[in-house]
Amino acid sequence: MVLFKTEDLSFTYPKCKLKALDCVSLSINKGEFILLMGRTGSGKSTLLRMLKKELSPVGSVEGQITVSSKQTGFVIQNTDVSFVAENVRGELAFALENMKLKNDEIAVRIGETASFFNLSDMLDKKISSLSGGERAVVAIASAMICDADALILDEPLAQLDPKSTAQLISLLKRVNEELGVTVIMSSHTADGIIDFCDRLIIIEEGKIASDGSPQNLKNSEEALDYFPIYTSLFDERPLTVKEAIPLAHSLNEKNFVNCDKTQTVAELKNITFAYGKNERDILSSLTFKAYKGAVHSIIGANGSGKTTLLKVLAGIKKAYSGKVKVNGKIAYMPQNPRYLFTKDTVLEEIDEQTAKVFGLSDYLFHHPYDLSGGQMQKLALAILSKQDFDIMLLDEPSKALDSFSKKNLKVYIKDLAKQGKTVIIVSHDLDFVGDVSDYVSFLSDGIITITGDRRQVLSSLNFYTTQIRRITKAHLKSAVSTEDLI
C-alpha cells in the first residue's frame, strides 16, 4: 500500500527563481524505513514538509501529492521550538486534549506511550531540564501518541551525542519494526542507519538523484559520499563498523607528530558554575587552556557543560568562582544560529561577496528563518567572519551540514588557525572533530578529564571516538581520521 506519492512535484519559494523541488516523483510504501539524504539546501526539508499538509511551506506548487496515511507524526529539526507544555506529561497530553478525548482515555494513552518510549520516570519533569536525547524522544512520543501510522523526522540526530544517537536510532528501528510505522527520516549521517533502512533517497538541487536499497547504491560512485566514511575505504563496501573491522588490517597510518603550541590566549582556572543557587554545579573547578593558532574541540555527553564552558569564556555567563583570562577579541556562534539574525534578508545580513564565499549566493533574498538548518549555520558563520576577532567560539558548527559543506568548514577553520586565530569548538560530530582539531578535551561531570593532541585523546577513548578509530583500533596505534591513513 502506497502511503505517500508525488508526481512531478515542484515547489518554489516566494521571490526565488530556483525551484526548491523540481519534478519530484516518488512512492513510499506502508512500513518502509526511508533515509533521505542530500546536500545542505538540496530540498530535503521542503519535501518532508510537503508530505505533511499542515506544515507545507508557502510558495508556488506544481504537480500532485497524494497522502494515504491516516495520521502522520512530524518531528521538526529544532524540537525545542515545537514544545508547547512545561513538562513531559503536558506535552504528551496536548494533542489528545485537542482531539477531545476523555480524561481516562488520555491517561491510558499517556501511560502506554510513556512505557513504550521509556518516559515513565520523567513524566513530571520539566522539558527544559531534559538532555538533548531525552527531548528528542519526547518529541517523537508526542508525534506518535495519536496513533500515527507514519513518522517524518527532519534531522533528528543533528545535536545528539554518540550515546543518544545510538539510542534514538534503536528507538526508531523499534517504531518501524514493532509497530509497522512508516519512517521517513532526513539525515546528514548514514552511520548506524544505512544497514537496516529499506531505501536511501538522495536529493540534489531539488531532484531525485538516487533512489534504491543501500546494497545497490553502495556501488555507485555518485552515491558513495553519502555512506559512512569506512564504506569507501574498501572494495567490499562495508555498511557497518562490524563489517569493516575485519578489513582494516590492510590499512596503515602516518607517524604521529605532536602539535606543539605554547602561547596561551584563553584560560579557565578552577571555574565553578551553576545556573541557580540550589542547582547542581554544571562546571566544577574546571581548568582549560587554549593556544594561539590552534583548533581546540571540546566533546562530551549532552548536558555535560560544553555550551556553558563556551558561554563562560565569552563572558555571557559569570562563574561564581575561578578565573577567566582571555587575550584578544572573541566572536561567538551560539548553538541556535537564529540568535545572530537581525535582518529580513540574507543580503541585509551579509554582502554578496561573503554570500558567495559561504555558498549562499542563491539565497540573497530569503529571510534567514526560511533557510535550511545547514544554510542557517553557514549564514551565522558568514556574519561572524566579518567581525574583528582573535578567538572564535563555535557551538556545534557542523550540525545540519552535509559532508561537502563540512569539508569547506574545515578548510575555513584551518585557514583561521594559519592566520594565528584560535578556534574553540563544541561538537558531538566526532568525525568532524577528528578531522579539524589540533587539541581535544573530554568534558564529564563538570571537569575536563582528559585533554591533549587529537590523536592521543580520541585514540584513548572507546565510545567518544571516530569511525576510523573504531575500525582500526585493533591494528593501528592512533589513527582517528582518514588524513592519518597512508
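In which sense do strand 14 and strand 15 pair, and over how many bridges? In this predicted model, the pairing of strand 14 with strand 15 (residues 391–395) is parallel and comprises 4 bridges. Within this pair, alanine 331 has methionine 392 of strand 15 as its bridge partner. Helix 11 (residues 373–385) packs on the sheet and touches both strand 14 and strand 15. The direction of helix 11 makes about 170° with that of strand 14.

Strands 14 and 15 belong to an open sheet of 6 strands, in which the order is 14-15-16-12-17-18 and the pairing is mixed. The edges of this sheet are formed by strand 14 (330–333) and strand 18 (447–453), each of which pairs on one side only. From one strand to the next, the twist averages 15°.

Another part of the model is organised around strand 7 (residues 182–186). Of the 5 residues of strand 7, 5 are buried, so this strand is largely enclosed by the rest of the structure. The side chains are divided between two directions: Thr182, Ile184 and Ser186 point one way, whereas Val183 and Met185 point the other way. Residues of both groups are buried.

Strand 7 has parallel pairings with strand 3 and with strand 6. Strand 3 (residues 33–38) pairs with strand 7 in the parallel sense over 4 bridges, and phenylalanine 33 stands opposite valine 183 of strand 7. Strand 6 (residues 150–154) also runs parallel to strand 7, to which it is joined by 5 bridges. Here isoleucine 152 has isoleucine 184 in strand 7 as its bridge partner; isoleucine 184 is among the buried residues that point to the side shared by Thr182 and Ser186. Together with helix 5 (residues 162–179), strand 6 and strand 7 make a β-α-β unit, and this unit is right-handed.

A further local feature concerns glycine 212, which lies in strand 9 (residues 207–212). The relative accessibility of glycine 212 is 15%, and the residue therefore counts as buried, the cut-off being under 20%. Glycine 212 and leucine 200 are 12 residues apart along the chain, and their C-alpha atoms are separated by 5.6 Å. Leucine 200 is also one of the residues in contact with glycine 212 when neighbours within four places in sequence are left aside. The other contacts of glycine 212 on this basis are with Asp198, Arg199 and Leu217.

Methods
Residues are numbered from 1 along each chain as its sequence is written. This is a predicted model: local features need pLDDT of at least 70, side-chain atom pairs count only at pLDDT 80 or more; totals for chains, interfaces and linings use all residues. Side-chain values use heavy atoms; hydrogens and water are left out. Buried means under 20% relative accessible area, exposed over 50%, partly exposed in between (1.4 Å probe, protein chains only). Two strands pair if DSSP finds at least two bridges between them. A crossover is right-handed if, with the strands pointing away from the viewer, the path from the first strand over the helix to the second runs clockwise. Contact means heavy atoms within 4.5 Å. Axes are lines fitted to C-alpha atoms, for helices over the stretch in contact, and angles run from 0 to 180 degrees between N-to-C directions.
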